[in-house]
Amino acid sequence: MDFSAFRYALGTTNSAKKSAVQMATGTEPACLSVPSGISDQPMSEEETVEGAINRAKTVYKQIPGSDIGLGLEGGLTYDSQHRQWYLISVCAAWNGAELYIGKGLSFPIPNQAAERIQQENVELSTIIDEWSGMTNSNHQGGAYGLLTENRIRRADVFRYAVLAAITPFLSPYYK
């Protein structure tokens with residue numbers, strides 16, 4: 001499959017997300033920061049997917065000549081059976097007629113981070129910046145990078161979400 005056959009519009013200027021699209025497609029996406037229409041820290045899979053869809057559809061409309069609009073959204077979701085919060089990464093791909101959702105790795109976050117997010121109404125990226133001593137860690141390795149000592153980085157996780165979302169546009173098995 002030739003993922004470079006399309007012109008991609010990405011609904012963010014976040015460098016980790018841009019890198020994810022570059023790794024997945026071999027192309028440079030046109031980037032534009034567009035609103036997600038959801039909270040700054042999504043707290044459910046449904047809200048995270050909604051934000052990704054909103055970004056994909058908005059950027060597709062706002063960047064003329066794009067074949068596929070991509071919305072990448074990170075969020076949290078709670079597994080009540082195992083009493084664990086997970087960091088999730090979602091990509092929505094929209095071509096004006098078809099919408100596909102790709103999901104990356106679900107990664108457990110430390111309970112102390114989840115408690116702070118709920119009690120103090122802060123974003124996970126704020127906590128990761130504090131713990132790492134970095135600024136804008138979400139443009140780099142993010143929580144994944146800090147927690148795994150860079151064995152997994154934010155761009156890596158989003159890369160697979162992008163591949164999952166755009167594959168149906170190219171694979172003959174979806175036709």
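Here is a short briefing on the cores, cysteines, salt bridges and one buried serine of this structure. The model is predicted, so please read each value below as computed from it. Its largest nonpolar core has 19 residues, and the structure holds 7 salt bridges but 0 disulfides.

**Nonpolar cores**

- Within the 19-residue core, the residues with the most contacts are Leu70, Leu72, Cys91, Ala93, Val162 and Ile166.
- The elements giving two or more residues to this core are β1 (8–10), α1 (15–25), β3 (68–79), β4 (84–94) and α6 (154–170).
- Helix α6 supplies the largest share, with 8 residues.
- Another core, of 15 residues, lies apart from that one and includes Leu76, Leu87, Ile127 and Val157.
- Ala93 is a handy residue to click on: beyond its neighbours within four places in sequence, Ala93 is in contact with Ile68, Gly69, Leu70, Glu98, Leu99, Tyr100, Ala165, Ile166 and Phe169.
- As a general point, nonpolar side chains tend to be buried together in soluble globular proteins.

**Cysteines**

- Cys31 is in no disulfide, and the nearest cysteine sulfur, that of Cys91, is 12 Å away.
- Seen from the other side, the sulfur of Cys91 cannot pair with that of Cys31, its closest cysteine sulfur, because 12 Å is too far for a bond.
- Their surroundings can be set side by side: Cys91 is buried, at 0% relative accessibility, whereas Cys31 is partly exposed, with a relative accessible area of 28%.

**Salt bridges**

- Asp67 and Arg7 meet through their side chains in a salt bridge, at 3.1 Å from N to O.
- That pair links distant parts of the chain, with Asp67 in the loop between α2 and β3 and Arg7 in the segment before β1, 60 residues apart.
- Asp67 counts as partly exposed, at 25% relative accessibility.
- Glu73 forms a salt bridge with Arg55, their closest N and O atoms being 2.7 Å apart.
- This pair also joins distant parts of the chain, namely strand β3 (Glu73) and helix α2 (Arg55), 18 residues apart, and both residues are buried.
- Glu149 and Arg151 form a salt bridge at 3.4 Å, N to O; Glu149 is exposed at 63% relative accessibility, and Arg151 is exposed at 66%.
- Arg116, Glu120 and Glu130 are joined into one network by salt bridges that share partners.

**Ser66**

- Ser66 sits in the loop between α2 (45–62) and β3.
- With a relative accessible area of 12%, Ser66 is buried.
- Its side chain reaches the backbone oxygen of Ile63 at 2.9 Å.
- Leaving aside neighbours within four places in sequence, Ser66 is in contact with Arg7, Ala9 and Tyr60.

Terms used. Residues are numbered from 1 along each chain as its sequence is written. This is a predicted model: local features need pLDDT of at least 70, side-chain atom pairs count only at pLDDT 80 or more; totals for chains, interfaces and linings use all residues. Side-chain values use heavy atoms; hydrogens and water are left out. A nonpolar core is a set of buried Ala, Val, Leu, Ile, Met, Phe, Trp, Tyr and Cys residues joined through side-chain atoms within 4.5 Å. Buried means under 20% relative accessible area, exposed over 50%, partly exposed in between (1.4 Å probe, protein chains only). Helices (H or I, at least four residues) and strands (E, at least two) are DSSP runs, numbered from the N terminus. Contact means heavy atoms within 4.5 Å. A polar contact is a pair of N or O atoms within 3.5 Å; within protein, one must be able to donate a hydrogen and the other to accept it, and residues adjacent in sequence count only if both atoms are side-chain atoms. A disulfide is a pair of cysteine sulfur atoms within 2.5 Å. A salt bridge is a side-chain nitrogen of Lys or Arg within 4 Å of a carboxyl oxygen of Asp or Glu.
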